[in-house]
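This report describes one protein structure, beginning with a single residue and then turning to the chain as a whole. Please keep the sequence and the structure in view while reading.

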Amino acid sequence: ESGGGEIQVVLAGREPKNGVRIHNSGGDVTLTLPANFKGELDLVASDVDSDETAIRSDFPEVAVTRRSGSQQGAGVLNGGGPRVVVRTSSGSIRIRKGPPAS
């Protein structure tokens, strides 16, 4: 959790037991997941311009919907698993695909 600024997180495991929760009150979030990560993504970027692309993902399974002032992303990766929740306001969310975890 952060009150502002940029958050960068890299997960090394492909299935975290208790999931992941990242909250940023003002700034960008970059989350790198293994290519073979098993989980369900729940992403929300609020207080963003509807013309901007506030949520970007290297995983094609992530679908993004735009609403007035916010964007939401959701997707099931590699059959699903623990829930990954990312929230930010006045920033963007970037989901990157890293090398597969062993």
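## Burial and surroundings of Ser89

In this predicted model, Ser89 has a relative accessibility of 13% and therefore counts as buried, since the cut-off for that class is under 20%. The residue belongs to strand β8, which covers residues 83–89.

A polar atom of the Ser89 side chain lies 2.6 Å from the backbone oxygen of Ser25. Ser25 also appears among the contacts of Ser89 once neighbours within four places in sequence are left aside. On that basis, Ser89 touches Asn24, Ser25, Gly26 and Gly27, together with Ser46 and Asp47.

## Secondary structure and dimensions

The protein contains 9 strands and 0 helices. Its pattern along the sequence is accordingly written β-β-β-β-β-β-β-β-β.

A compact globule of 102 residues would have a radius of gyration near 13 Å, and the protein agrees with this because its own value is 13 Å. The C-alpha trace spans about 40 × 25 × 20 Å along the principal axes.

## Packing, surface and charge

Of the 102 residues, 43% count as buried. Where contacts link residues at least 6 apart in sequence, 63% of them join residues at least 24 apart.

The exposed area of the protein is about 5,500 Å², of which carbon and sulfur atoms supply 42%. The protein carries 12 positive and 12 negative charges, and the mean positions of these two sets are 8 Å apart.

Key
Residues are numbered from 1 along each chain as its sequence is written. This is a predicted model: local features need pLDDT of at least 70, side-chain atom pairs count only at pLDDT 80 or more; totals for chains, interfaces and linings use all residues. Side-chain values use heavy atoms; hydrogens and water are left out. Helices (H or I, at least four residues) and strands (E, at least two) are DSSP runs, numbered from the N terminus. The radius of gyration is taken over C-alpha atoms; the globule rule is 2.2 Å times the number of residues to the power 0.38. Buried means under 20% relative accessible area, exposed over 50%, partly exposed in between (1.4 Å probe, protein chains only). Contact means heavy atoms within 4.5 Å. Accessible areas come from the Shrake-Rupley method with a 1.4 Å probe; for residues, only the protein chains shown count as cover. Lys and Arg count as positive and Asp and Glu as negative; His and the chain ends are not counted. The place of a charge is taken as NZ of Lys, CZ of Arg, CG of Asp or CD of Glu. A polar contact is a pair of N or O atoms within 3.5 Å; within protein, one must be able to donate a hydrogen and the other to accept it, and residues adjacent in sequence count only if both atoms are side-chain atoms.
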